[in-house]
Amino acid sequence: MNQPNKEGQAVTGPTAEVGEGRTQAKENIGQHRTQPAQDGSSRVSQGLAGVRQAARERKEERFTTLLHHLTPALLQASFFDLKREAAPGVDGVRWKEYEEGLAGRIADLHSRIHRGACRAQPSRRVYIPKSDGRQRPLGIAALEDKIVQQAVTTILNQIYENDFAGFSYGFRPGRNQHQALDALMVGLTRKRVNWVLDLDIRGFFDNMEHEWTMKFVEHRVADPRVLRLIRKWLTAGVSEDGQWSESKVGTPQGAVISPLLANIYLHYAFDLWVKAWRKKVARGEMIVIRYADDAVLGFEHRADAVRFRQELGERLAKFGLELHPEKTRLIEFGRFAISNRRERGKGKPETFDFLGFTHTCGKAGNGTSFIVRPKTAAKKMRAKLQDIKGKLRERMHDPLQRTGEWLQSVVRGYFQYHAVPGNTPTLNVFRFRLVRLWWHAIRRRSQKHPPSWERLAGLFRRWLPQPHVLHPYPHVRFDAMIQGRSRMR
């Protein structure tokens, strides 16, 4: 008989299993964190802390009473978690509009949820350009659906953060891309890795089967009211150009609940199986880093990597998924890759991309120590510069100071992510190309007397900061994070 989970004492956050991580989809998805509410109080109530403690202590527990944790206070905090300027869904309601009379709206929403009268609305389908020229479909939920999804995500995170593997980094509270990159760098340099398998699951979010999604959630959640809400969101359908279409598979990229459901799906379809495979089948060392549906695995032996790829394909097929045949690659990579390939008369080791960085085999300054050199992926830089070029054209006749302030914020944001040790030369290239883009935009303002490069040099120095490293070395931050716990589990 399942134990009730209404009560419990506040405890500190769970010690996450740390180890070995897709860039975030746009819209209202963020890195969900347990942050203080606007009044400074904790977002996790005493009751939710009890859920977290019970989930940590009783790994087989199925939680039968969860919806009562969805309180007006949690709904209001969830509302303030959403992006203020996000595009509206099919309801046409924007954040600022909903904020007017918020207390009454939240009370009414809370009442409808607990009466079972809350109806999920279809997602509004929009498309955003990808770096390769294709377009990625996003599903924008109605505002009230976003609020309830955010609240349910907060509740379920108290359970699943005790279950998820240490090598899973995507869209989890307190975890981010740089932690996944740190774990990857540490694994490649400290473990006996000679081969890298760069995985990509074809159309993962579009191919998650609803029945499997519900079965996976039901491993830990037995509250029929919460399960009913999740099923409503999965089957609400999409609206595109005013036409509704049914959703038989998949979960919309852009929905607040989608990252958590994706992690639950991959936890059972991938993570648990990988952990068992590494323990029972692998003959040599093996590392794993997953970020949403992108994963990188390192192997000591090529035979292990080849067998793993074959068996993983069979495993994923059971759950309606498949590896992308072109984007899934096995390459020779590691401390001996340079010398081994030289002996065989081959060129430099191949590289692979992960979370916006291209990773290359290299040597330290002494010429003997193996290091992994990260640099911003070329296609990502080209896409960013192309985006800036278009916006500079729109701002061509704005005052130079206003454009300079905008560019400064763009560059600082870009550096904040990409300014990792070893990537400064690439960032210098980015800044140089950005300077040329702005110079050409300024010269187009006046056909008769375009300013010279020398005249504009001071302007560029003022508004476009020089790159410098903003992140510690990966092993330093990684060791501080794990604090002696298992690194690669």
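Reader: Which residue in E5 is the bridge partner of Ser239?
Author: That's Trp244. Ser239 itself has a place in the pairing of strand E4 (residues 238-240) with E5, which is antiparallel and runs over 3 bridges. A quick word on the source: this is a predicted model, where local features need pLDDT of at least 70 and side-chain atom pairs count only at pLDDT 80 or more, while totals for chains, interfaces and linings use all residues. Residues are numbered from 1 along each chain as its sequence is written, and side-chain values use heavy atoms, with hydrogens and water left out.

Reader: What makes E4 and E5 a pair?
Author: Two strands pair if DSSP finds at least two bridges between them. E4 and E5 have 3 bridges, so they meet that definition. The strands themselves are DSSP runs (E, at least two residues), numbered from the N terminus, while helices (H or I) need at least four.

Reader: How do you know which partners E1 has?
Author: Count the bridges again. Strand E1 (residues 123-129) has 2 bridges to E4, running parallel, and 6 bridges to E2, running antiparallel. Both counts reach the cut-off, so E1 pairs with E4 and with E2. Arg124 shows up in both: Ser239 is its bridge partner in E4, and Ile140 stands opposite in E2.

Reader: Why is the pairing in the sheet E2-E1-E4-E5 called mixed?
Author: Strands of a sheet pair through backbone hydrogen bonds, either parallel or antiparallel. In this open sheet of 4 strands, E1 and E4 run parallel, whereas E1 and E2 run antiparallel.

Reader: Which strands are the edges of that sheet?
Author: Strand E2 (135-140) and strand E5 (243-245), since each pairs on one side only. From one strand to the next, the twist averages 40 degrees; the axes are lines fitted to C-alpha atoms (for helices, over the stretch in contact), with angles from 0 to 180 degrees between N-to-C directions.

Reader: What makes E3 largely enclosed?
Author: Buried means under 20% relative accessible area, exposed over 50%, and partly exposed in between (1.4 Å probe, protein chains only). In strand E3 (residues 195-200), 6 of the 6 residues are buried, so the rest of the structure largely encloses it. Both faces are covered: Trp195, Leu197 and Leu199 on one side, Val196, Asp198 and Asp200 on the other. E3 also runs antiparallel to E7 over 6 bridges, with Val196 opposite Gly298, and antiparallel to strand E8 (residues 329-332) over 4 bridges, with Trp195 opposite Glu332.

Reader: Why is Ala295 called buried?
Author: Its relative accessible area is 4%, under the cut-off of 20%, so the word fits. Ala295 lies in strand E7 (residues 294-299). Leaving out residues up to four places away in sequence, Ala295 touches Leu197, Asp198, Leu199, Phe270, Ile289, Arg290 and Phe354, a contact being heavy atoms within 4.5 Å.

Reader: And Arg290, is it buried or exposed?
Author: Buried: 1% relative accessible area is under the limit. Arg290 sits in strand E6 (residues 286-291).

Reader: What makes the link between Arg290 and Ser168 a polar contact?
Author: A polar contact is a pair of N or O atoms within 3.5 Å; within protein, one must be able to donate a hydrogen and the other to accept it, and residues adjacent in sequence count only if both atoms are side-chain atoms. The two side chains come to 3.0 Å, so the distance satisfies the cut-off.

Reader: How do you know that the span of H13 agrees with what's expected?
Author: The expected span is 1.5 Å times one less than the number of residues. For the 17 residues of helix H13 (residues 378-394) that gives 24 Å, and the end C-alpha atoms are 25 Å apart, which agrees.

Reader: Which residues of H13 are buried, and what do they pack against?
Author: Met381, Leu385, Ile388 and Leu392 are buried. They cover an arc of only 60 degrees around the axis, so they're on the same side of H13; the arc is taken from the directions from the helix axis to the C-beta atoms. The buried residues pack against strand E11 (370-376), helix H14 (400-418) and helix H15 (424-443). On the face turned away are the exposed Arg382, Gln386, Arg393 and Glu394.
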